[in-house]
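The following paragraphs give a guided reading of a single protein model. The reader is invited to keep the sequence and the coordinates in view throughout.

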Amino acid sequence: MPEPAEKSTVNSPTYDLSKFRLKRILSNNSVRKSISLLGSFPDLSETDDAIVVFEKNAYRESDVATQSLSEESPKKPSYFTADLKVDTEFVNNIYGSFQVVPSRDLCGVKSTVIYPATDKHIEKYSICQKYLIRETPDFYERITLPYLSSSQFSLEWVYNILEHKQETERIVFEDKDPETGFILLPDLKWDGRNVENLYLLGIVHKHGLKSLRDLNASHLDLLRNLRQSAKDAIFNRYGLNPNQLRMYIHYQPSFYHLHVHINPVRNDAPGIWCEKSHMLDTVINNLELLPDYYQRATLPFVLYEGNKLLELYEKEQPVRMVPAVSESEEPAVVDGFSDDEPEERQCKRIKLATTPEPKEVEAPAQACA
Ligand code: M7G
């Protein structure tokens with residue numbers, strides 16, 4: 001039976017964030033309003049790397065509430081109080097442009113720190129080229145699985161959650177059944193403030209399920225239980241309509257202990273791209289139709305530059321360098337310029353290839369994460 005969460009204390013970090021020293025910017029995403037930084041805490045170690053990610057918080061509707069004229073002071077923090085500092089940039093006719101600084105409560109920036117960070121973390125948070133791999137069951141057995149067994153992120157944080165050593169006070173719901181149970185709690189990426197961009201994780205209690213590839217029909221009870229119980233718990237806690245939730249599993253995940261990502265469909269959460277996300281409903285349905293679907297399917301996934309697994313796949317088939325197509329073998333449709341004459345097509349290709357890279361501020365950079 002599901003049980004309520006226990007209380008625990010929050011650990012304080014070993015580092016002082018204000019003493020962070022920047023080495024370089026790993027990525028700067030102007031759309032997500034987030035920046036990932038590589039640096040160190042020289043007062044602790046000159047050699048250990050640290051990653052700091054800053055992300056501006058989304059607006060809460062309550063933050064823009066205005067008080068009625070009869071009220072003396074607002075009960076909750078709001079932009080529209082006497083604390084608001086307003087610098088006028090320009091006023092032109094009916095149009096005004098300002099820089100405003102709201103009260104301290106509303107200026108928070110969500111910060112994530114990874115310390116000490118490994119090369120794999122640095123790779124994950126850096127801007128890089130990405131490639132799609134079509135992983136057959138044979139490739140999985142011969143290439144991906146042996147690689148995963150020798151190199152993957154530590155699952156210490158997952159076990160700390162499952163064993164109630166960390167983040168216990170953040171647990172939203174727990175079903176302790178060792179076969180079909182799970183813990184539901186806020187993802188590291190969620191600031192926990194704004195239900196609009198709610199982001200929870202459902203982490204299964206059962207060990208040994210690394211990813212989609214390990215799922216078969218014997219896990220249907222677990223997946224169905226997670227789907228229903230998480231929806232109920234989210235409705236009870238946050239009042240969100242279960243039919244407005246997106247529940248999905250990443251392939252490849254970063255952490256190889258089965259977990260489900262949950263966020264509202266109206267919010268474009270990071271990592272919802274089709275090349276990485278498999279809807280829980282589809283996963284359940286595939287297993288209902290074919291008990292060993294995930295042992296038989298070819299699963300596409302993304303690999304990024306710098307990842308050693310990319311090198312291993314490159315040995316099997318060209319990934320980065322696509323073999324040149326000779327004139328006579330040239331396909332009828334190339335780069336969407338099928339109606340063009342060959343010279344015109346070549347011209348357009350050259351033009352595209354020589355188009356200068358947009359400036360950083362204009363180009364929403366994507367971190368590998
Ligand atoms: P994933 O699909 O394995 O990889 O998801 P992704 O990072 O490429 O999406 C793992 C999820 O766990 C991510 O959404 C992370 O933000 C989240 N996460 C990672 N860590 C280290 C923690 C943590 O310590 N606590 C919590 N609550 N979530 C974490």
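In the second largest pocket of this predicted model, the lining comprises 14 nonpolar, 6 polar and 11 charged residues. The volume of this second largest pocket is about 870 Å³. Its lining is made up of 31 residues, and those closest to the centre of the pocket are K33, K56, N57, A58 and Y59. Among the elements that contribute to the lining of the second largest pocket are strand 4 (50-56) and strand 7 (109-114), each of which supplies at least two residues.

Enclosed space can be considered next. Rolling a probe the size of a water molecule over the atoms shows where empty space is left. In this model there are 2 cavities of 30 Å³ or more. The largest cavity holds about 350 Å³ of space. A total of 25 residues line the largest cavity, and Q252, P253, V302, Y304 and N307 lie nearest its centre. By class, this lining divides into 14 nonpolar, 5 polar and 6 charged residues. Helix 1 (119-124), helix 2 and strand 15 each provide at least two residues of the lining of the largest cavity. Strand 15 accounts for the largest share, with 4 residues.

The second largest cavity contains about 40 Å³ of space. Its lining consists of K210, S211, L212, I249, H250, P253, F255, L258 and H259. In terms of class, 5 of these lining residues are nonpolar, 3 are polar and 1 is charged. P253 is thus found in the lining of the second largest cavity and is also one of the residues that lie nearest the centre of the largest cavity.

N307, named above among the residues nearest the centre of the largest cavity, has a further role at helix 7. N307 caps the N-terminal end of helix 7, with a side-chain oxygen 2.8 Å from the backbone nitrogen of L309. Within helix 7, which spans residues 308-316, L309, L310 and Y313 are buried. Viewed down the axis of helix 7, its buried residues fall within an arc of 100 degrees, and they therefore line one face of the helix. Against what does this face pack? The buried residues of helix 7 pack against strand 8 (130-135), helix 2 (137-150) and strand 15 (299-304). On the other side of helix 7, K308 and K315 are exposed.

The chain can then be followed to V319, which is placed in the loop between helix 7 and helix 8 (342-354). Is V319 buried or exposed? The relative accessibility of V319 is 12%, so the residue counts as buried. Residues up to four places away in sequence aside, V319 touches Y131, I133, L310, Y313 and E314. Of these contacts, L310 and Y313 are buried residues of helix 7. V319 and I133 are separated by 186 residues in sequence, yet their C-alpha atoms are 7.8 Å apart in space.

A last site is S97, located in strand 6 (residues 95-101). With a relative accessibility of 18%, S97 falls below the 20% limit and therefore counts as buried. If neighbours within four places in sequence are set aside, S97 is in contact with D87, T88, E89 and F90.

Notes:
Residues numbered from 1 in each chain as written. Predicted model: local features only at pLDDT ≥ 70, side-chain atom pairs only at ≥ 80, totals over all residues. Heavy atoms only, no water. Buried < 20%, exposed > 50% of the residue type's maximum accessible area, 1.4 Å probe, protein only. Arc of directions from axis to C-beta. Contact = heavy atoms within 4.5 Å. Polar contact = N/O pair within 3.5 Å; in protein donor to acceptor, adjacent residues only side chain to side chain. 1 Å grid on protein atoms, 1.4 Å probe; cavity = no way out; pocket = protein on both sides within 12 Å on 5 of 7 lines; lining within 4 Å. Points joined across faces, edges and corners; volume = space filled by probe spheres on them. Nonpolar A, V, L, I, M, F, W, Y, C, P; charged D, E, K, R; others polar.
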